[in-house]
Amino acid sequence: MGMGPSIANTLRRAVHGLVFNVRGAVGTIILLMVLGEAAASAQTFTNSSLNGKYFFVQLLVTVNATTGVPTTVTNVGGAITFNGGGSFTYAGSLGTNAAAAASANGSGFYSVSADGSVNFTNPIRTDLSVNGRLSADQEVILGSTTEDAKDVTGDLFVAIKAPLGGMSNDSVKGAYFGSTMALPNGAIQSLSSSLLSFAANGSGQFSSVSVTGHEADQFDTNVVQTPSITTYSIQTDGTGTANFGPAASSSLLNGGKSIFVSADGNYILGFSTGAGARDIFLATRSFSSSASNSSLSGRYWIAELDYDDSQHNLSSASGAFSAFGNQSNLLSERLNGAFSFSSAYYDAINANSLGQFGPLAESGLVNMALGAPVSSGGKNSMPDAMVGAQIDLPGFKTTYYGVFFAVQAPSFSGSPGSVFLYPNGVVNNATFAPSPNAIAPGDIVSLFGSGLSLATDQPTAVPLPTNDKGVSVMVNGIAAPLFYISPSQIVAEIPVQLAGSGSATVQVINNGQQSNVATVPLAPGDPGIFMWADSTEAYHAAVLHANGTLVTSSNPATRGETVEVFATGLGALSPAVATNTVNPSSPAAVSTDKFVNILFDGESAAGIPFAGGAPTFIGLNQINAVVPIDATTGAYVPIQIESSSGYSDVANIPIQ
């Protein structure tokens, strides 16, 4: 496989912070990445954190598993009340396909994890569960159905804390942004999604309404519309109605909607109840008139519902992203069908809080807005939310429809003198993909927290220690091998004995003092490409030529060449490799996942001669991939691992 001391030495010299020990231990990537920006306290979440009455809306779509065409489309809205102990009741109105909405009520169960994740009974489909998230201020819940595989169903659920009273038209005042998705009569013929802006005058009138979006029966072409009749009425309890004019087949936003408003007026949720009116409406007060690219910074929960009309492909997702305030984001989601996805995302924020958010930059695109301002010192210091839609530039055609919504996620820090493991701080060491990204048996992971160790150390002997200077990491009760320890970060191998488990409990013991327990999803695989940074790029892939030299801008890959991509998280190997054991050289251990592939700017490798354990290394994976003969060329060609467990993050390599 070409792995040996020369490669280790090459990578040691070339990869910033990525230290490979020639005797087989892989060290750590140490990046200045903060998992808990704006940390508040060591408090973690429990079922009691979710208590009281919320208003909610939900749009759910089930498609034919063979054709991908929707068979059932349902929307619901109303009040949902959590008892603080794991159960809830709801009452509202529910409509399916062409029928008018009718009264509906029900009950279910919920469970809140320490990091603010919430799993709860799906109000529309009680045989399913919503993979939800509770905002940092506990004012918003969002989520989608991702983990059930009974059929092909996707949805989007959003809830806001219900006011205690005292609401009126004056509660809705100022500039707002929103998004909509509609499937009239439960059919895709009039499928639409849109992004809108409007102003509320506090007296029941919307003005300056502008809607940008597209509709399937209007040739998928994005247009800008300006509804002329737009009013609203808010009751004292925060419920109300909005009127966007008479229904019209070519109108992206029309008709009456039932709406719900948060106590501070920052959020408006809505849905239609008329015959065949299956939709969802999400809006948030504008963040600022002086926003910038640095405004989007911190950690956010995100959920979305999408449909590709050309491919008849439905997807819903629930996850998180870390925004770094420099147009770079790291996104991690669970998709319907229990599939993982992680990727670098791009953002661009205009002064009016509108902008774009997606995997690639598109000049002039506006598909999202920042909202729900958090005030500090009399100024809007940060956005609490983001609302967006799957749209394109006016005049452009796109068959991809959908809406997404994001809110600030909780952040954590430990108390002085304590051993504190961030509830969201156990991540793939190659990607640092945030929760809910799973980890896998044999994976190299980083643990982030405070007080994790009294010393900094990187062991060199193989096998690696499971106790280093009094520090150990227990994973489902098994001591994990340690690559690196420090007060704020530990790098360890996930024991392969965990194969078949659905989750992992992780705890750090620092010289007899135990941390809290973090529970992390466990999957058969968790692929991630190691990366390195220099002054030009933060996402260089750790890729070697067959001669052992690093692929760089001055030494690029070429079409038709076989390159070696280094990763972790491929999962089970054959022959099996035990925990804390170097990968064999002859025969080399190959991945049991036959679907491992490398995508070069979305194009499959021309061949994968090898995918498995990098010989002589612990936990390190190697994928030999043949660069397609017609591969995209350039200084920053994105590559990604595709496997049966999901897609890895995106890293870049130069190809000539």
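Tutor: A cavity is a set of points, on a 1 Å grid over the protein atoms alone, where a 1.4 Å probe fits but cannot get out, while a pocket is an open set with protein on both sides within 12 Å along at least five of seven lines; lining residues have an atom within 4 Å of a point. This is a predicted model, in which local features need pLDDT of at least 70 and side-chain atom pairs count only at pLDDT 80 or more, while totals for chains, interfaces and linings use all residues. Residues are numbered from 1 along each chain as its sequence is written, and side-chain values use heavy atoms, with hydrogens and water left out.

Student: What makes S340 a lining residue of the second largest cavity?

Tutor: S340 is listed in that lining together with S342, N437, G525, D526, P527, S645, G646, Y647 and S648, and therefore each has an atom within 4 Å of a point of the cavity.

Student: How do you know which strand gives the most to this lining?

Tutor: Strands are DSSP runs (E, at least two residues), numbered from the N terminus. β47 (646-655) and β21 (339-349) each supply at least two residues, and β47 leads with three, namely G646, Y647 and S648.

Student: Why is D526 called charged?

Tutor: Asp, Glu, Lys and Arg count as charged, Ala, Val, Leu, Ile, Met, Phe, Trp, Tyr, Cys and Pro as nonpolar, and the others, Gly among them, as polar. D526 is an Asp and so counts as charged, in a lining that has two nonpolar, seven polar and one charged residues.

Student: What makes up the lining of the largest cavity?

Tutor: D115, P423, N424, G425, V426, S435, N437, T519, V520 and P521 line the largest cavity, and N437 also appears in the lining of the second largest cavity. β26 (420-428) and β34 (518-521) each supply at least two of these residues, with the largest share, four, coming from β26. By class, four are nonpolar, five polar and one charged.

Student: How many cavities of 30 Å³ or more are there?

Tutor: The count is two. A volume is the space filled by probe spheres set on the grid points, which are joined across faces, edges and corners; it comes to about 50 Å³ for the largest cavity and about 50 Å³ for the second largest.

Student: Why is the space of about 1,500 Å³ called a pocket?

Tutor: It is called a pocket because its set of points is open, whereas a probe in a cavity cannot get out. This largest pocket is lined by 48 residues, with F341, Y345, G358, P359 and L360 nearest its centre. β21 gives the largest share, six residues, and the lining divides into 23 nonpolar, 17 polar and eight charged residues.
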